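Q: Could you take a close look at one part of this model with me? I'd like to go through the strand pairing step by step.

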Amino acid sequence: MQPTLGEPFSAVPDVHVIPTYWPVPGAGVLPMNAFLLHAEEPVLVDTGAGVLAGEFLAALESLIDIADLRWIWLTHEDRDHTGSLGRLLELAPQATVISSFLSVGRIMPEHPFPLDRLRVVNPGDKVHVGDRTLETIRPPLFDSPGTTGFIDGLSGALFSSDCFGAPLPDLDEAAAASVSDLPFETVAAGQLAWATVDSPWVSTADPARLGAALESVVRLRPSAVLSSHLPPVHERVEEMAGRLRAAPDADPVPPTTHDQLTALLATMEPAS
């Protein structure tokens, strides 16, 4: 299976998911989501993987005239979140990038852009986008120290970046419209494994402080949790947060070795 872009779909009112499905040998399929928030001042949350930039821009164009974008919220600087940034800044000349200063500092060597098109945010900061206010949060788990998420004050949706993500066994499960359609235990196990891989620092985290951070998400009572790496979560948020409390004591997923890579390459057809 090659990385593929899926059909955009509605997660909650005013929010479309633009999904990418990324095969992970030995683990299944990892969703890679960007989101379009249909606010009065439209907001694109992350910009997809560069290898599928053409397909991503076509999918986005099916939802909105790209020139109408007013904000591009980059949850952090990883390439699966910034792949189409340069082209989007050309196509949407009125759009302002929202991100942390640290993430933008890491983006600049590859995707430089004028800093007068940047709105720096930190946890607690609020951004008004016409008909609603977006409040910046720091997700409990993250792989970049510059990560920001936010809660939409109108829809109640929480955009959690990598937090709550999980590889899923196959494409059908990764492409589900809601986590509610999947076996809870499968999702919970995947989330715990993902936590040790994407946020390896969690093995040294203070369990009480991590638990407090997870509880702060539950207290927000989001209408949905929209993770960059999971189908939308519409219920059982408290249970999922509870499972991640165990992450500091979880056995880390062993890293892929060169021998495993060699074995994987032996199963593939030679490149043409």
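In which sense do β3 and strand β4 (residues 28–37) pair, and over how many bridges?

A: Keep in mind that this is a predicted model. β3 and β4 pair in the antiparallel sense, over ten bridges. If you want a spot to click on, try T20, which stands opposite M32 in β4. The hairpin of β3 and β4 has three residues between the strands, and in that hairpin G26 takes a positive phi near 85°.

Now stay with β3, which covers residues 15–24, and look at what else pairs with it. Strand β2 (residues 9–12) is joined to β3 by three bridges, and these two run antiparallel. Here you can follow F9, whose bridge partner in β3 is V17. β2 and β3 also make a hairpin, this one with two residues between the strands, and D14 takes a positive phi there, near 80°.

Then there's strand β1, residues 4–5, which is joined to β3 by two bridges, with the strands running antiparallel. To find that pairing on screen, go to T4, which stands opposite Y21 in β3.

So much for the strands; one more stop, out on the surface. L261, L265 and M268 form a nonpolar patch there, and together they have about 280 Å² of accessible area. M268 sits in the segment after α9 (258–266). M268 counts as partly exposed because its relative accessibility is 46%, and partly exposed covers the range between under 20% (buried) and over 50% (exposed).

Note on methods: Residues numbered from 1 in each chain as written. Predicted model: local features only at pLDDT ≥ 70, side-chain atom pairs only at ≥ 80, totals over all residues. Heavy atoms only, no water. Pairing = 2+ DSSP bridges. Helix = DSSP H or I, 4+ residues; strand = E, 2+ residues; numbered from the N terminus. Patch = residues over 30% accessible without salt bridge, like charges linked within 9 Å, V, L, I, M, F, W, Y side chains within 5 Å. Areas by Shrake-Rupley, 256 points an atom, 1.4 Å probe, with all protein chains shown as cover. Salt bridge = Lys/Arg side-chain N within 4 Å of Asp/Glu carboxyl O. Buried < 20%, exposed > 50% of the residue type's maximum accessible area, 1.4 Å probe, protein only.
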